[in-house]
Structure formats: structure tokens, C-alpha cells
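Please find below a colleague's note for a first-year reader, set out as numbered points. It is best read with the structure open alongside.

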Amino acid sequence: MQQDINVLIKRRYEELEELKKKGFEPFAYSFDVDSDSEKIKNFFKEDEKLVVRIAGRIMAIRRMGKASFAHIQDEKGKIQVYLKKDDIGESYDAFKLMDIGDIIGVEGFVFKTKTGEISLHVSSLKLLSKTLRPIPIAKETVDEQGNKIIHDQFADKELRYRQRYVDLIVNPEIKNVFIKRSRIISSMRKFLDSNGYLEVETPVLQPLYGGASARPFITHHNTLDTTLYLRIADELYLKRLIVGGFNGVYEISKDFRNEGMDKTHNPEFTMMELYVPYKDYEWMMNYIENMVNNICIEVFGTIDFEFDNININFSSPWKRVSMIEALKDKTGVDVLSVSYDELSMIANKLGIETDHLETKSQLIDEIFSQLVQPDLLQPTFVVDYPLELSPLAKKHRTRPGLVERFEGYVAGREICNAFSELNDPIDQKARFEEQTKMKEAGDEEAHQIDDDFIRALEYGMPPTAGMGIGIDRLVMLLTNQISIRDVIFFPQMKPEVKG
């Protein structure tokens, strides 16, 4: 196969040289377009002569001596073009040296063929980019039973992720997922702006990482001769802005966590974090419901979706479940009242491996992830988490040992995390110190002490509700994509093996 490809590449280089010898520029500087394939088909009228200029990639060629048909593909779809030597002269000689994949610009009038296909009769042709590597075009055949069989389809997932540019060419339908992604983010931004919240930017390179439980990526600043970290969350900087007096701030940003990769995790991901003063986590639950509902209606026109064969309805109110009560239903005990050893034994009896879990909080999190989370199919807020799992959340106002925190789950996947934010600097310092002990006990994701953040709290932060929502996971749910890699243009991959 590779040998065949090399032969095709060699031939295309030869065609390139031949085009140059004939005086044709194989890589143009520009081409003015005034239409696209979709507009042409929508506005065609048989009693009007419509002249247009379009550009696109050749996806099929049918040569017939001094005339040819081709299909070109632009962002909106495909359209057939008809080229005749008598009409375009020397350009037809150039067309003979063109291949599937080449990008061309054409001008002509729109007509309908005898078979009823809306097409473009070309009056001028310009080569815009000669393709030097063959496009893997799928071929269709029909068997005796009338079933379509697709050959040579560009379907290998790993190859599609690595070569997204090829994927977009030969599987143009995936563009719709990324168009929807863009519209989801735009709708979210518009909703936040309409509520008077300010979009801001905070540092990607940070002297201390914080705002979440995760391992960071580490780098070094040569001039300052200091270690820096790619941010794992935006939280601590955004809360500094609340201290400074802003009446609600948000950021849509890339965050980075040095963790494993699976269907819901990519080391580089997109998050929206929002912080609103004088509110609490109860208010934030209602806000998230309204925001997601608004996005669903504005972008998709519905609140009913199918994801991985699960019918999901995003109507309000979402179900609310106590984390402790949900764990008690699965384990038979109040996880707050038992020791690490007792909880480990219970987990082992339930088939959960615990040897790698060093702290009680890790145990609780693992039991929840394996026994409770998979059953949270419809939109659900899991509320009131153990204190040791949430070093940045305010203590529960009525339930000792818990904090005012919730996570939103849909189809067994976490999509958001929110707190009544801790604004007591004394309590915050004590929590950070406890996290240090957890790190010393083996919890690599425990939070660091951030003295400057404590100093900011000492200047006074009002009661605040904070929330982070995973953009990638929300897009997955609303576009029915099972893997996070299918909603990220260029997901992280293992190094390519060259052979």
C-alpha cells in the first residue's frame, strides 16, 4: 500500500513540474468567490442565468476527451462542474494535469443537467493549490441485494485524530459537530454576558497550581529561573477578582491536567468558570439549569437529546441527590462515621480495588465513581460532599463534616462542579495545611498552600457562588459523541511511530 502511495505522490510531483513548464502557477495567491455550493442550489432558477464564482476541492473527475465533469467540495457541500475545452482553452490542458484533491476556483453559469443535477458550466478555471499527496476517497459499490458497500473508507479512529485535516476533507459531516461546538460556546457566552458578567483572562503559566485536585504540567522560565505550572483551573485567580470588587466574572479557557486519557479525559481541555458574589450553591444550581436549557433551545431547538442510546431530558428542575445518602444506599454505612480501614474492607467486598488509595477521601471518591455515578443518567445534582474532598468549598451551614458543593451528572458523566465558595481565610489556611498532610500521605493530587490567595481572602471576599463546567463534555452530550476526542479538533495522541 505504501509503495502504491509513493508512486502516486511521484506522479503528482511530475504533474506539478509539467504545470510549471506550461506556465501555470500551481499555488495561487488569491481567488475572489461570491457564492458557495449551498447558495447555488438554493437560489437556482431555470429561467434566470446565474453567473457565480466558487472555489473548492476536486472530489471526483469524469473525463470525456474535450469535456469533463467534476465534483468540487467547499465548506457547504459538493456541486458538479462541467468543463469544456472550447470554453476554457489552455486551462483545459492544465485540468488534464489535475487530480482529486486539487483546489480550484471556477466561474460560470448555473444550469441543470438532463439527469436533473444542478451544476456549473465553467467559463474560466484557475488552479489554486496542487495536491501532492492523494486524498483517501471512499468508493461505493452495490451488491446483488442492493446494499451499498464502501471501500477504502478513511475510518481508522487514530488516523482520523492524527490527521484531522484529512478527516475533515473526506468525512465532511464531522464538521457539523464542531460547528455545533462553536455555537454552544457562543450561546453560553451570550447568556453570561446578558446577565452582566464580565469575561476575563487569567494566567496560563502560574507559580502555584490550584483550584482543583490534579497533577500539573511543569515548565521552567529561563529569565526568572523559576518553575512554573500550566494551570489546572482558573478558580483562585477569578476569586481574586471577586475580592477586587467585580460583580461576577467568568472565563472560557484551556486548562491542563497531567492525567490519564480515556473517553472523557484529555490532558488539554476547555472549561468555563463563573464566580458571582452574594450568591450560594443553591442559586448556582438554578443558574446552571437555566443556562443549559437556554443553550439547548437556542442551538438545537429542543431539550430532548439522545446520547449513547439514552434519552435525556434537560428540563428543570434537575434531580438532587445527597452524596452521603447515595453512598449509604450502596454501602450500607455512613461513610463519614467509619474509619479508612473499615471503608476499605467494605469497598473490597463490593469488588473495588483499594490498594492504590492512600486516604479516606480517595476511597470515598472511588466508591462513588464506581457504584453511584454510572446510575446518574438523567440530569442530576449530587450535593453536599465530605469536607476533605473539597478544600475550597464553604462548610455546610447545617451538616457537620460536609461542604456546600455539588456536581452535575448526565448519562453517568460529570459535567460541572460548584461551591458556596470558602471566604474565611483562617479556615482556608487550615484546609490547605490539611491538604499538605494528605499530599505527604501519598495523595499526589492534594492542593498546595497558596499564601497569596490566603492574603487576598484576608482583604475580604464576599459570599460567592462559583462553578466550572466542562465544555468538551457538554458538547459530547448535546452532539451524541461518545469520546472526547470526537469533539476536540486535535486531541492529544501518543507519539507517532515512524516507519
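**Note on the predicted model**

1. D452 and R455 are three residues apart in helix α14 (residues 451–458), so about one helical turn separates them. The model discussed here is a predicted one. D452 and R455 form a salt bridge in which the closest N and O atoms are 2.6 Å apart. D452 has 34% relative accessibility and therefore counts as partly exposed; R455, at 47%, also counts as partly exposed.

2. A salt bridge can also link distant parts of the sequence, as the next pair shows. E298 forms a salt bridge with K190, with 3.2 Å between the closest N and O atoms. Because E298 lies in helix α9 (residues 281–300) and K190 in helix α7 (residues 175–194), the pair ties together parts that are 108 residues apart in sequence. E298 counts as partly exposed at 39% relative accessibility, and K190 counts as partly exposed at 47%.

3. How many salt bridges does a search of the whole structure find? The search finds 33. Among them is the one between E18 and K22, whose closest N and O atoms are 4.0 Å apart. E18 is partly exposed, at 31% relative accessibility, and K22 is partly exposed, at 46%. In addition, a network of salt bridges links R11, E15, D99, D102 and K130.

4. Attention may now turn to T131, which lies in the loop between β5 (118–129) and β6 (139–142). Is T131 buried or exposed? Its relative accessibility is 11%, and T131 therefore counts as buried, since the limit for that class is under 20%. A polar atom of the T131 side chain lies 2.5 Å from the backbone oxygen of G101. If neighbours within four places in sequence are set aside, T131 is in contact with R12, R57, G101 and D102. Of these contacts, D102 is also a member of the salt-bridge network named in point 3.

5. E46 offers a contrasting case in a loop, here the one between α2 (37–43) and β1 (51–64). With 64% relative accessibility, E46 counts as exposed. The C-alpha atoms of E46 and I118 are separated by 9.8 Å, while the two residues are 72 residues apart along the chain.

6. The strands deserve a separate point. Strand β2 (residues 67–74) pairs with strand β3 (residues 77–84) in the antiparallel sense, over eight bridges. A hairpin of two residues joins β2 to β3, and S68 stands opposite L83 in β3. In contrast, the pairing of β3 with β5 is parallel and extends over three bridges; there, Y82 stands opposite H121 in β5.

7. A further sheet is open and consists of three strands in the order β9-β11-β10, with antiparallel pairing. Because β9 (205–206) and β10 (218–221) stand at the edges and each has a single partner strand, one side of each is left without a neighbour in the sheet. β10 and strand β11 (residues 226–230) run antiparallel and are joined by four bridges. Within this pair, T219 stands opposite L228 in β11.

8. Finally, which residues form a nonpolar patch on the surface? They are Y165, F489 and F490, which together have about 360 Å² of accessible area. F489 is placed in the segment after α15 (471–479) and counts as partly exposed, at 38% relative accessibility.

Methods:
Residues are numbered from 1 along each chain as its sequence is written. This is a predicted model: local features need pLDDT of at least 70, side-chain atom pairs count only at pLDDT 80 or more; totals for chains, interfaces and linings use all residues. Side-chain values use heavy atoms; hydrogens and water are left out. Buried means under 20% relative accessible area, exposed over 50%, partly exposed in between (1.4 Å probe, protein chains only). A polar contact is a pair of N or O atoms within 3.5 Å; within protein, one must be able to donate a hydrogen and the other to accept it, and residues adjacent in sequence count only if both atoms are side-chain atoms. Contact means heavy atoms within 4.5 Å. Patches are made of residues with over 30% relative accessible area and no salt bridge: like charges are joined within 9 Å, nonpolar side chains (Val, Leu, Ile, Met, Phe, Trp, Tyr) within 5 Å. Accessible areas come from the Shrake-Rupley method with a 1.4 Å probe; for residues, only the protein chains shown count as cover. A salt bridge is a side-chain nitrogen of Lys or Arg within 4 Å of a carboxyl oxygen of Asp or Glu. Two strands pair if DSSP finds at least two bridges between them.
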